[in-house]
Amino acid sequence: MAQIPPATRNAHEKVYAAAAMTVTLSVNGENRTLSIAPWTTLLDALRDRLNLTGTKKGCDHGQCGACTILVDGRRVNSCLTLAVMKDGAKVTTIEGLAGDGTLHPLQQAFIDHDAFQCGYCTPGQICSAAGLIAEGKAATPDEIRELMSGNICRCGAYPNIVAAIQQAMATMGDKS
Amino acid sequence: MINFQYARATDVADAVRQIAADPAAKFIAGGTNLVDLMKYDVERPLRLIDISRLPLNTVEQTAEGGLRIGALVPNSDLAYHPLVERRYPILSSAILAGASQQLRNMASTGGNLLQRTRCFYFYDTTTPCNKRKPGSGCSAINGINRINAILGTSEACIATHPSDMCVALAALEAKVHVAGPTGERAIAFSDFHRLPGDTPQRDTNLEPDEIITAIELPAQGFAASYSYLKIRDRLSYAFALVSVAAALELEGPRFREARLALGGVAHKPWRSPEAEASLRGQVADESSFARAADLLLRDAKGFSHNAFKIDLARRAIVRALTQAARGTPQIQSSKKIR
């Protein structure tokens with residue numbers, strides 16, 4: 001594993017480098033140890049320190065859902081999560097969903113249904129949908145819409161997103 | 001976000017010790033509201049005490065037939081807990097009406113009570129706000145106040161409490177268990193949140209060195225006749241303009257017991273003993289509903305942009321009572337009225 005450089009990204013971290021803390025996360029199945037300032041969000045740690053830029057920064061305030069990832073199997077907003085608080089956690093990002101050479105059923109379904117236009121919200125939509133399917137609380141389109149309401153798509157691909165999630169639910173249901 | 005130190009609490013006593021030792025410190029659990037406010041520079045703690053690993057994450061039945069909910073139970077787990085779904089469905093409904101599933105997965109039960117207001121001026125550090133900076137003035141009273149309060153306001157503050165969950169907890173008459181340097185105490189839900197008065201910087205009667213450990217529900221859950229109706233600018237994932245928790249016990253066509261709490265209209269969940277008393281023994285029909293609504297809204301006062309909330313609340317109360325009495329509660333995943 002590559003050596004992680006000390007915290008130097010912004011003025012905060014330079015001034016308070018002494019405050020850096022060691023955090024170990026299992027990210028997409030690989031243990032990653034980071035020395036980070038306590039005010040680093042999980043989103044910034046993933047994007048800027050681990051170069052996992054699939055997870056997007058939209059509003060950075062928990063309102064748009066673009067930063068949605070799975071922490072210990074549950075979907076959360078990584079922009080409102082302090083990385084130091086998740087020491088020891090298992091993190092799954094969009095980069096970790098696909099199997100060896102095969103897309104995750106949700107990734108395939110989003111392609112099949114043209115469930116995006118610009119694509120910026122898509123990693124968050126897909127991770128959120130993975131969480132939704134694992135929760136098992138949504139069956140109807142109404143329930144999918146309600147439980148996906150934390151993910152905003154400003155291109156307005158919602159009907160296709162709902163259709164894609166329905167397809168993935170059926171595919172994944174068949175397998176289990 | 002300002003720089004801060006980070007420490008973990010090892011147990012409740014340690015958490016209390018750490019917070020009592022440092023007035024500039026704050027607890028963090030789910031962080032959904034605090035981290036957001038820190039990014040806006042509204043909250044500027046010099047030290048965060050992480051309580052998220054404390055063993056306060058269980059839901060247990062009490063000897064009195066109620067439930068004791070640990071302060072760190074995530075909102076989503078609480079909403080879907082089998083005992084809550086079956087015995088306190090109004091609480092499940094209210095929780096699922098709030099935020100998004102991502103946020104509910106993060107947010108804690110105790111933290112939900114301690115949410116700060118969503119008043120635009122509280123968030124905007126370039127404007128005066130008595131809640132953010134005591135004595136600086138209230139920008140909302142003569143500003144953009146469409147989302148602000150119509151009940152229990154003061155000349156210092158017209159902010160609302162944003163929680164949905166708390167509206168249900170008020171109707172259920174929950175108790176808040178807290179621990180501090182001198183021991184533990186229980187606070188009745190109606191005494192937990194405050195009206196703004198001339199100290200709007202204080203949202204609750206929790207002392208700065210106290211920690212919420214649990215929420216206790218009494219045995220009565222009103223599972224047969226309830227509704228949580230939330231009116232907002234979009235169908236999901238928006239704060240309430242007005243919300244109503246109606247929890248009834250009916251005996252034939254008449255009310256034996258009625259609880260009514262409003263959200264989105266005041267600095268705390270709004271109840272009126274007179275409104276609830278007016279329903280007891282009466283036939284559950286449109287006229288008793290309307291009378292209760294009038295009593296609940298008796299002291300309502302609108303501002304330049306939010307006077308519409310008074311009529312909206314009146315109709316929402318009647319609608320929620322109708323749903324509760326008919327046993328057709330508002331379903332949060334389908335906004336159709338049954």
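Select Arg8(B) and Asp50(B): Asp50(B), in β3(B), is the bridge partner of Arg8(B). Strands, here and below, are DSSP runs (E, at least two residues), helices are runs of H or I with at least four residues, and both are numbered from the N terminus. Two strands count as paired if DSSP finds at least two bridges between them.

This is a predicted model, in which local features need pLDDT of at least 70, side-chain atom pairs count only at pLDDT 80 or more, and totals for chains, interfaces and linings use all residues. Residues are numbered from 1 along each chain as its sequence is written, while chains are lettered from A and ligands numbered from 1 in the order in which they are written.

**Stop 1: the parallel strands of chain B**

Extend the selection to strand β1 (residues 5-8) and strand β3 (residues 47-50) of chain B, which pair in the parallel sense over 4 bridges. Next add strand β2 (residues 25-28) of chain B, which pairs with β3(B), also in the parallel sense, over 4 bridges. Which residue of β3(B) is the bridge partner of Ile28(B)? Click Asp50(B), which is that partner. Now trace the chain from β2(B) through helix α2 (residues 34-39) of chain B to β3(B): this β-α-β crossover is right-handed. To check the hand, point the strands away from you; right-handed means that the path from the first strand over the helix to the second runs clockwise.

**Stop 2: confidence and domains of chain B**

Colour chain B by pLDDT, the predictor's confidence in each residue, from 0 to 100. The average for chain B is 97, and 100% of its residues score at least 70. Among the elements of chain B, β1(B) has the lowest mean, 97, and helix α9 (residues 165-172) the highest, 99. For the model, ipTM is 0.97 and pTM is 0.96.

Then select residues 5-52 of chain B as domain 1 and 225-326 as domain 2; such bounds come from an automatic or database domain assignment. The centres of these two domains of chain B, taken over C-alpha atoms, are separated by 36 Å.

**Stop 3: the antiparallel sheet of chain B**

Show the open sheet of 5 strands in chain B, ordered β4-β5-β8-β6-β7, with antiparallel pairing. At its edges are β4 (59-61) and β7 (183-188) of chain B, each pairing on one side only. Neighbouring strands of this sheet are turned against each other by 25° on average, direction ignored. Axes here are lines fitted to C-alpha atoms, for helices over the stretch in contact, and angles run from 0 to 180 degrees between N-to-C directions.

Zoom to strand β6 (residues 175-180) and strand β8 (residues 211-217) of chain B, antiparallel and joined by 5 bridges. Lys175(B) has Glu216(B), in β8(B), as its bridge partner. Helix α1 (residues 12-21) of chain B packs on the sheet and touches β6 and β8 of chain B, its direction making about 130° with that of β8(B). Residues are in contact if their C-beta atoms, placed from the backbone, lie within 7 Å.

**Stop 4: where chain B touches chain A**

Display both chains. How many residues does each chain bring to the contact? Chain B brings 24 residues and chain A 29 residues. On the side of chain B, the elements that give two or more residues are β1, α2 and α6 (101-106). Of these, α6(B) has the largest share, 5 residues.

**Stop 5: the mixed sheet of chain A**

Move to chain A and its open sheet of 5 strands, with the order β2-β1-β5-β3-β4 and mixed pairing. β2 (30-36) and β4 (74-77) of chain A are the edge strands, and each pairs on one side only. From one strand to the next, the twist averages 40°.

Select strand β1 (residues 21-27) of chain A, which runs antiparallel to β2(A) and is joined to β2(A) by 7 bridges. Within this pair, Thr24(A) stands opposite Thr33(A). Helix α4 (residues 122-135) of chain A packs on the sheet, touching β3 (68-71) and β4 of chain A, and its direction makes about 40° with that of β3(A).

**Stop 6: the two domains of chain A**

Finish by colouring domain 1 (11-96) and domain 2 (105-175) of chain A separately. Their C-alpha centres lie 23 Å apart. Domain 1 of chain A has 14 residues in contact with 13 residues of domain 2 of chain A. On the domain 1 side, β3 and β4 of chain A each supply at least two residues, and β3(A) gives the most, with 3 residues.

Methods:
Two residues are in contact if their C-beta atoms, placed from the backbone, lie within 7 Å.
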